[in-house]
Amino acid sequence: MSKNKKIFFQILLVFAVLGFLGILINNLIINLTRTGIGFNFNWLTKPASFSLAEHPLPYSPSDSYAWALFMGWMNSLKVIISSLVLATCIGTLIGFLRVGKNSFFRIITAGYITVIRQTPLLIQLMCWYFVGFLSIRNNSFLNITNILNISNKGIELFGFSFSSEFSALLVGLSIFSSAFIAEVIRGGIQSVPLGQWEAFRSLGISEKHGFIKIIIPQALPAFIPGLTSQYLNLAKNSTLAIAIGYADIYAINDTIINQTGRAVECFIILLCSFLILNLLITKIMGIIDKSIMKSRI
Amino acid sequence: MKPILTAKNLTKSYAKGILALNEVSFTLDQGKVLVVMGPSGSGKSTLIRTINGLETFDKGELNVLGIKISADSDERKIQKVRRRVGMVFQQFNLFPHLSILENITLAPIQVQKRNKKEAEEYGMNLLCQMGIESHAKKYPGQLSGGEQQRVAIARSLALKPELLLFDEPTSALDPERINEVLDAMRRLADQGMTMIVVTHEIKFAKEVSDQVLFIDSGKILEISSPEVFFSNASHERSRKFLNQIN
Ligand SMILES: Nc1ncnc2c1ncn2[C@@H]1O[C@H](COP(=O)(O)OP(=O)(O)OP(=O)(O)O)[C@@H](O)[C@H]1O
Ligand SMILES: [Mg+2]
């Protein structure tokens, strides 16, 4: 394609995008004037007048919508960060076993990854909630004195108790993401040339030592892009919390929209929340990536 | 003469039907240099890699430095061999995330539990022998191919091996870098190191080796002195091969 033609098509594209945006904004304005409530955020200071099952900071229905939204954001953050840690631990373990020498574990983990990746997350979450936690009949399913107690009321660990909604979401998100993370780990390890394995083996270095000292440091940079996109997915997937009644930011937004009809404002808040959260994740992973690269030379 | 290595009827196939090694038997005495030659895919790498257990074999027996290895030997026995046999690869295979000196001291510290200072002193000593002591703090990516290969040789010497294996050590190098590596190998041979070298470098083979082993389709066709092999090879296949690479 000639240079002029290229420029022509680019200008055409810009006009198409601008036109499309114009139509959207026009529709929005028409709708807002028709409902007659206008566009503003003043309602944020009014009392929310609904109760929350879970709130990391003190909250009552007389608190403002803004505070309720903030509780939702905290709840989201809580489940996202803890799932992120748990998913990384499980995923790394599964990924290592997937490329390990033991063929029994290799087959088991391949099965795990396939089953988890090929079924919808929503169904898995429902399973963990209704078939998992809520169906536990007796007071306790697993009880290790004073350390861990799993029951239909959720998980209790070292005296901290977590609701069954939070627990189901945590387990569901972690298990789901761990299968994808395991594949990232496997890909990273397999990106290290076979010659590196042969070099440390021929020096009489054990498999374990060579794996830790030679293979992992070289696989780390290859983990980062894959892990970043899995973490972003995890954050976005956490909005499925609404399906099992966990009061995350999406669920609270939903309630507020029903009460106030402020759909446009609520979705702007929601989109911005996730944009900020995901930019934060991307930024942190970028810093980790840079420090890995720097430590190499 | 004390045999360092004895191979008896070594046989291996990767896929069914094709033999990478076919009843390979030979002996190597202490202080001798054996050059392995043969066409591409003849089994040279396979042969040299079975000696330190990078490849397993199906039948036959190996005796490396008095350690008997058979088809069903376990990892621990093979590790014993690896601690006493050094290996140098065509692609150098240096550890890119470690400095040159760390590349060399890793195995002595991890495997032989030497203290760091002692290992570093000996490592610097080896780098001096290879003429690259000024690069000790650099990383592999900052060195030329010839320098990297000399680091790899120094690394393989760090455990004070009794046998060194070279798999086409100069094939990945620019022509003007080949001699610096061959010279380092020549000095090792002069110091009495026992070596097995897969190479196409005829000049090196003529001047340094004590024996030339010619292998084709996994079978040893002849083992002779370099004088005989290069002027009067007994086998038709060897003569044809020599004509091709000359
Ligand atoms: N990992 C492997 N899997 C299957 N077949 C293999 C493998 N490695 C080698 N082979 C086959 O075994 C035979 C011997 O290979 P080998 O690498 O030992 O030959 P070579 O003499 O070193 O060749 P080159 O000069 O190309 O390095 C060849 O037919 C090769 O295709
Ligand atoms: Mg080869």
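In helix 1 of chain B, the buried residues are B:Lys44, B:Thr46, B:Leu47, B:Ile48, B:Arg49, B:Thr50 and B:Ile51. The model described here is a predicted one. Because seven of the eight residues of this helix are buried, helix 1 of chain B is largely enclosed by the rest of the structure. Directly after the helix, B:Gly53 adopts a positive phi of about 75°.

The same helix leads to the ligand. Helix 1 (residues 44–51) of chain B contributes three residues to the shell around ligand 1, the most of any element. The full set of surrounding residues consists of B:Tyr14, B:Ala20, B:Pro39, B:Ser40, B:Gly41, B:Ser42, B:Gly43, B:Lys44, B:Ser45, B:Thr46 and B:Glu168. Sorted by class, this shell holds three nonpolar, six polar and two charged residues. Several polar contacts can be described individually. A polar side-chain atom of B:Thr46 is 2.5 Å from an oxygen atom of ligand 1, and an N or O atom in the side chain of B:Ser45 is 2.7 Å from an oxygen atom of the ligand. At B:Gly43 the contact involves the backbone, with a polar backbone atom 3.0 Å from an oxygen atom of ligand 1. Ligand 1 taken alone exposes 630 Å², of which the protein buries 55%.

B:Glu168, one of the residues around ligand 1, also has a notable backbone geometry. B:Glu168 has a positive phi of about 45°, although it is not a glycine. This residue belongs to the loop between strand 7 (163–167) and helix 6 (175–190) of chain B. With a relative accessible area of 14%, B:Glu168 falls under the 20% limit and therefore counts as buried. A second residue of this kind is B:Leu65, which is not a glycine either and has a positive phi of about 55°. B:Leu65 is placed in the loop between strand 4 (59–64) and strand 5 (67–70) of chain B. Its relative accessible area is 13%, so B:Leu65 is buried.

Attention now turns to charged pairs. Side chains of opposite charge can pair when their charged atoms come close. Over all chains, the count comes to 19 salt bridges. In chain A, A:Glu265 forms one with A:Arg262, and the closest N and O atoms are 3.0 Å apart. Both A:Glu265 and A:Arg262 are buried.

Two further examples lie within helices of chain B. B:Lys116 and B:Glu120 form a salt bridge with an N to O distance of 3.7 Å. Both residues lie in helix 4 (residues 116–129) of chain B, four residues apart, about one turn of the helix. An α-helix has 3.6 residues a turn, so residues three or four places apart point the same way. B:Lys116 is exposed, with a relative accessible area of 55%, while B:Glu120 is partly exposed at 27%. In helix 9 (residues 236–245) of chain B, B:Glu236 and B:Arg239 are three residues apart, about one turn of the helix. Their side chains meet in a salt bridge of 3.4 Å, N to O. B:Glu236 has a relative accessible area of 51% and is exposed, whereas B:Arg239, at 37%, is partly exposed. Elsewhere, salt bridges that share partners join A:Glu198, B:Lys12, B:Arg49 and B:Glu55 into one network. Of these, B:Arg49 is among the buried residues of helix 1 of chain B.

The final region is in chain A, where a nonpolar surface patch of about 1200 Å² is found. The patch is made by A:Ile7, A:Ile11, A:Leu13, A:Val14, A:Phe15, A:Val17, A:Leu18, A:Phe20, A:Leu21, A:Leu24, A:Ile25 and A:Ile29. A:Ile7 belongs to helix 1 (residues 3–35) of chain A. This residue is partly exposed, because its relative accessible area of 43% lies between the limits of 20% and 50%. Helix 1 of chain A also contains A:Asn26, which counts as partly exposed at 44% relative accessibility. Between A:Asn26 and A:Met126 there are 40 Å in space, C-alpha to C-alpha, for a separation of 100 residues in sequence.

How values were computed: Residues numbered from 1 in each chain as written. Chains lettered and ligands numbered in written order. Predicted model: local features only at pLDDT ≥ 70, side-chain atom pairs only at ≥ 80, totals over all residues. Heavy atoms only, no water. Patch = residues over 30% accessible without salt bridge, like charges linked within 9 Å, V, L, I, M, F, W, Y side chains within 5 Å. Areas by Shrake-Rupley, 256 points an atom, 1.4 Å probe, with all protein chains shown as cover. Salt bridge = Lys/Arg side-chain N within 4 Å of Asp/Glu carboxyl O. Helix = DSSP H or I, 4+ residues; strand = E, 2+ residues; numbered from the N terminus. Buried < 20%, exposed > 50% of the residue type's maximum accessible area, 1.4 Å probe, protein only. Near = heavy atom within 4 Å. Polar contact = N/O pair within 3.5 Å; in protein donor to acceptor, adjacent residues only side chain to side chain. Nonpolar A, V, L, I, M, F, W, Y, C, P; charged D, E, K, R; others polar.
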